[in-house]
Amino acid sequence: RGLLAEGDCAVEVGSNIGAYTVVLADQVGKTGLVYAFEPFRKIFQIMNANVALQGYGNVVTRQVGLSSRREIVTVKAPGLEDFTNLGAARVFFQQEESVAHVPFDGLEEIEVETL
């Protein structure tokens, strides 16, 4: 909690469902700003709902992945119907479904940008 102060700007890469996004938004306060990046569409939508339900107006969200180069990648999209660990979703270096114990329901194209 001591890393950010009122008025700071935070960048969160791989924001997932927004559990840390709302904490960061609270720490930087109304005069600060949080940039939250989450590439997976369904998880991105949950993150936006969490931010909106908390009433934070100091969070800018983007549905993109971040990397050292711009590209479009096709990756397995996490399914949410039987999910026990949303934090296991990853864009690169994906494990086989049987190894990660994470169900996947298909493929998703993700835009990857440089920061």
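How much area does the protein chain expose, and what share of it do carbon and sulfur atoms supply? The chain exposes about 6900 Å², and carbon and sulfur atoms supply 52% of that area. Please keep in mind that this is a predicted model. Of the 115 residues in the protein chain, 37% count as buried. Here is a friendly tour, topic by topic.

**Overall layout**

- The protein chain has three helices and six strands.
- Starting at the N terminus, its elements follow the order β-α-β-α-β-β-β-α-β.
- If you look at contacts between residues at least 6 apart in sequence, 70% of them join residues at least 24 apart.

**How confident the prediction is**

- The mean pLDDT of the protein chain is 80, and 74% of the residues reach 70 or more.
- Residues 97–104 deserve some care when you view them, as pLDDT stays under 50 there.
- For that stretch, the model has 16 contacts beyond four places in sequence.

**The nonpolar cores**

- The largest nonpolar core has eleven residues: A10, V22, L24, A25, V28, V34, A36, F44, M47, V51 and V59.
- Two or more of these residues come from each of α1 (19–28), β2 and α2 (41–54).
- Helix α1 gives the largest share of this core, with four residues.
- Another core lies apart from this one; it has six residues, including F40, V73, V75 and I110.
- As general background, nonpolar side chains tend to be buried together in soluble globular proteins.
- A36, one of the residues of the largest core, is a good place to zoom in. Beyond its neighbours within four places in sequence, A36 is in contact with E12, S15, T21, M47, V59, V60, T61 and R62.

**Around helix α1**

- Which residues of α1 are buried? They are T21, V22, L24, A25, Q27 and V28.
- The cover over the buried residues of α1 includes β1 (9–13), β2, α2 and β3 (59–62).
- Just after α1 comes G29, which takes a positive phi of about 70°.
- On the other side, the loop between β1 and α1 holds G18.
- Why does G18 count as buried? Its relative accessible area is 1%, and buried means under 20%.
- G18 and E38 are 20 residues apart along the chain, and their C-alpha atoms are separated by 9.1 Å.

**On the surface**

- V11, V13, Y35, V60 and L115 form a nonpolar patch on the surface, and together they have about 450 Å² of accessible area.
- Within this patch, Y35 belongs to strand β2, which spans residues 33–37.
- Y35 counts as partly exposed because its relative accessibility is 31%, a value between the cut-offs of 20% for buried and 50% for exposed.
- Strand β2 therefore appears in two parts of this tour: it holds Y35 of the surface patch, and it also gives two or more residues to the largest core, whose members are buried by definition.

**A salt bridge**

- How many salt bridges are counted in this model? The count comes to one.
- R69 and E71 form a salt bridge, in which the closest N and O atoms are 3.5 Å apart.
- E71 has a relative accessible area of 23%, so this residue is partly exposed.

How values were computed. Residues are numbered from 1 along each chain as its sequence is written. Side-chain values use heavy atoms; hydrogens and water are left out. Patches are made of residues with over 30% relative accessible area and no salt bridge: like charges are joined within 9 Å, nonpolar side chains (Val, Leu, Ile, Met, Phe, Trp, Tyr) within 5 Å. Accessible areas come from the Shrake-Rupley method with a 1.4 Å probe; for residues, only the protein chains shown count as cover. A salt bridge is a side-chain nitrogen of Lys or Arg within 4 Å of a carboxyl oxygen of Asp or Glu. Buried means under 20% relative accessible area, exposed over 50%, partly exposed in between (1.4 Å probe, protein chains only). A nonpolar core is a set of buried Ala, Val, Leu, Ile, Met, Phe, Trp, Tyr and Cys residues joined through side-chain atoms within 4.5 Å. Contact means heavy atoms within 4.5 Å. pLDDT is the predictor's confidence in each residue, from 0 to 100.
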